[in-house]
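I opened the model to look up one helix and one loop residue. My notes follow.

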Amino acid sequence: MFVLGKNTVINMQGIDDRLIDIVELAITLTRVDFGIPSTGGLRTTAEQAALFTSGKSKADGRTNKSYHQSGKAVDVYAYVDGKANYEHVHLNHIAAAMLQASAQLGYELQWGGLWNSWQDLPHFEIRD
């Protein structure tokens, strides 16, 4: 069984309590260790705009806001062989744990890996 690392706990500050609950349960269910990168939690408008400008996000942070800006989204990475890993096979295992955790807790979670327009496998968001 895996546990959340110190940096992941710090990077979850400001995200919706329901997402925190999901992540905390998912880490106990997953077959692949995971974490949240420094840009994977709550983002300011400037941080979101920088990610958009660099081509790492579809949301510009101003006209098209990201769920990260309201604390309702989280991005994850697999932690494999001591480093961050974004291979689909690992992210799919994490997604299974995240979706199972949300179902167990009774929260509706959207996974970017199931989007039709484009896939964002590290991304999860909660909607009201």
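I began at the start of α2, where a side-chain oxygen of Asp16 comes to within 2.8 Å of the backbone nitrogen of Arg18. I count a polar contact as a pair of N or O atoms within 3.5 Å; within protein, one must be able to donate a hydrogen and the other to accept it, and residues adjacent in sequence count only if both atoms are side-chain atoms.

The model is predicted, so I note that local features need pLDDT of at least 70 and side-chain atom pairs pLDDT 80 or more, while totals for chains, interfaces and linings use all residues. Residues are numbered from 1 along each chain as its sequence is written, and side-chain values use heavy atoms, with hydrogens and water left out.

Next I checked α2 itself, residues 17-29. Helices are DSSP runs (H or I, at least four residues) and strands likewise (E, at least two), numbered from the N terminus. I then listed the buried residues of α2 (under 20% relative accessible area, 1.4 Å probe, protein chains only): Leu19, Ile20, Ile22, Val23, Ala26 and Ile27. They lie on the same side of α2 because they cover an arc of only 160 degrees around the axis, taken from the directions from the helix axis to the C-beta atoms. They pack against β1, β2, α4, β5 and β6, with contact meaning heavy atoms within 4.5 Å.

Last I looked up Gln69, in the loop between α3 and β2. Gln69 is buried, at a relative accessible area of 17%. Its side chain reaches the backbone oxygen of Gly61 at 3.0 Å and the backbone nitrogen of Ser66 at 2.9 Å.

Technical notes:
The expected span of a helix is 1.5 Å times one less than its number of residues. Buried means under 20% relative accessible area, exposed over 50%, partly exposed in between (1.4 Å probe, protein chains only).
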